[in-house]
Structure formats: structure tokens, C-alpha cells
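This briefing introduces a structure to a reader who has not met it before. Please view the sequence and the model together with the notes that follow.

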Amino acid sequence: MKLSEKKILKKKEQILLSAITIVNRRGYDGATMEEIAAEMLMTKGSLYYYFKNKGDLMYQCHKLVLAQATGELEEELQGEGTAEEILRKMVATHINYAVEEKETFNMIIEPKQMFNPEQIEPVLKLRKHYASLFDQVIEKGVATGEFHVDEPIIVRMIILGAMNWIQQWYSANGRLAKEELKQHFAEYIIKLLK
């Protein structure tokens with residue numbers, strides 16, 4: 001890879017990280033190309049060198065956050081421990097992303113409303129892979145006798161649905177700290193599987 005290509009990739013990554021911060025602070029509708037450009041000390045027009053439009057930038061942000069979350073889950077799944085221990089870590093990771101990357105991660109819930117047709121397929125593929133990681137840990141737990149589940153995919157949908165809903169009601173200033181929330185969710189999810 002040429003030096004110029006490396007510089008472009010580095011700048012693109014910096015823009016994405018800045019955009020993710022702004023989207024998480026102001027929401028998808030509140031984030032503007034002007035604000036993202038200003039944060040990067042660029043002109044709005046300069047952003048269009050790297051991204052076609054706001055939709056393309058948001059797609060790239062979502063893809064980056066989802067890829068990071070997927071990578072963390074894959075590491076946890078390959079790590080040492082019982083299925084229960086691994087699932088607890090995966091639940092904590094998912095909740096971290098649901099809370100910390102709320103707006104960007106939230107795009108996973110209704111991708112057809114957020115992305116154009118050419119972006120949908122890769123997003124749904126990555127989302128399906130993400131969900132399959134939870135399937136794998138549940139299947140591992142069933143195989144080892146830790147979990148007793150007749151319909152693992154339905155259980156996984158319940159687990160992810162419950163954790164995704166956190167984005168709708170959780171407040172850092174609320175009754176539960178994020179760490180307490182992760183513990184409670186893990187406890188109830190494990191009870192569901194036993």
C-alpha cells in the first residue's frame with residue numbers, strides 16, 4: 001500500500017471516530033456534516049472527498065462499531081471458560097456497546113430505515129454473524145449440559161432483544177450504574193438458560 005493510500009485510510013478512520021462521537025452525543029438526525037467537518041478542522045466539502053454523503057458516513061460508522069463489537073465477542077468466544085462465563089462476558093460487551101455507542105450501535109435495530117439497498121446486505125450479513133456468536137455460546141452450553149434450552153435461536157433472539165432495548169430506557173444518571181446493569185442482565189439471562 002502506498003503512503004498516500006495509508007494517509008487517506010488514517011484520515012478516514014479519524015473522521016469516522018469523530019463522527020461516531022458526534023452521533024452518540026447528538027443522535028443521527030442531530031449530527032451534521034458541518035459539525036463533523038468542524039470537529040476535524042476541515043471544510044464540509046473536504047468530507048465529500050472521503051464519503052459520498054451523510055448516509056455513507058453513517059453507514060461506515062455503523063460498520064466500524066459493529067465490526068469492533070463483533071471482534072470483541074469473537075475473542076471472548078474463543079477464550080477460556082465455561083459457556084456461562086463466556087456468555088457473561090459477551091453480555092457485558094454487548095451492553096457496553098449498547099450504552100456507550102448508543103446511536104451508532106442502534107442502527108442495527110432497523111437497518112432498512114437507515115441504509116440504502118446496496119448497504120443493507122453487508123450490514124445484515126455482519127449482524128447475522130454477530131447474532132451467530134451468541135448462538136455458538138448457547139450451543140456450547142447445551143452441549144456441556146450447562147444450559148437447558150429447547151429452542152436456542154428463540155432464546156438468542158430474546159437475549160439480544162432485551163439487551164437492545166436498553167438503548168431506549170437506560171440513563172447513566174438513573175438508578176443503576178452500567179456495571180450493576182450488566183450484572184443484573186447476566187444473572188437473568190443465565191436463569192433463562194438453566
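A salt bridge is a side-chain nitrogen of Lys or Arg within 4 Å of a carboxyl oxygen of Asp or Glu. The model is a predicted one, in which local features need pLDDT of at least 70 and side-chain atom pairs count only at pLDDT 80 or more, while totals for chains, interfaces and linings use all residues. Residues are numbered from 1 along each chain as its sequence is written, and side-chain values use heavy atoms, with hydrogens and water left out.

**A buried charge**
- Glu76 lies in helix H4 (helices are DSSP runs of H or I, at least four residues, numbered from the N terminus).
- Glu76 is buried (under 20% relative accessible area, 1.4 Å probe, protein chains only) yet has no salt bridge.
- Lys89, the nearest side chain of opposite charge (Lys and Arg positive, Asp and Glu negative, His and the chain ends not counted), is 7.4 Å away from Glu76.

**The nonpolar core**
- The largest nonpolar core (buried Ala, Val, Leu, Ile, Met, Phe, Trp, Tyr and Cys residues joined through side-chain atoms within 4.5 Å) has 52 residues.
- Helices that each supply at least two residues of this core include H1 (3–26), H4 (54–78) and H8 (117–144).
- Ile15 is among the residues with the most contacts inside the core.
- Beyond its neighbours within four places in sequence, Ile15 is in contact (heavy atoms within 4.5 Å) with residues including Ile36, Leu47 and Leu57.

**An exposed position**
- Ile153 lies in helix H9.
- Ile153 counts as partly exposed (between 20% and 50%) because its relative accessibility is 45%.
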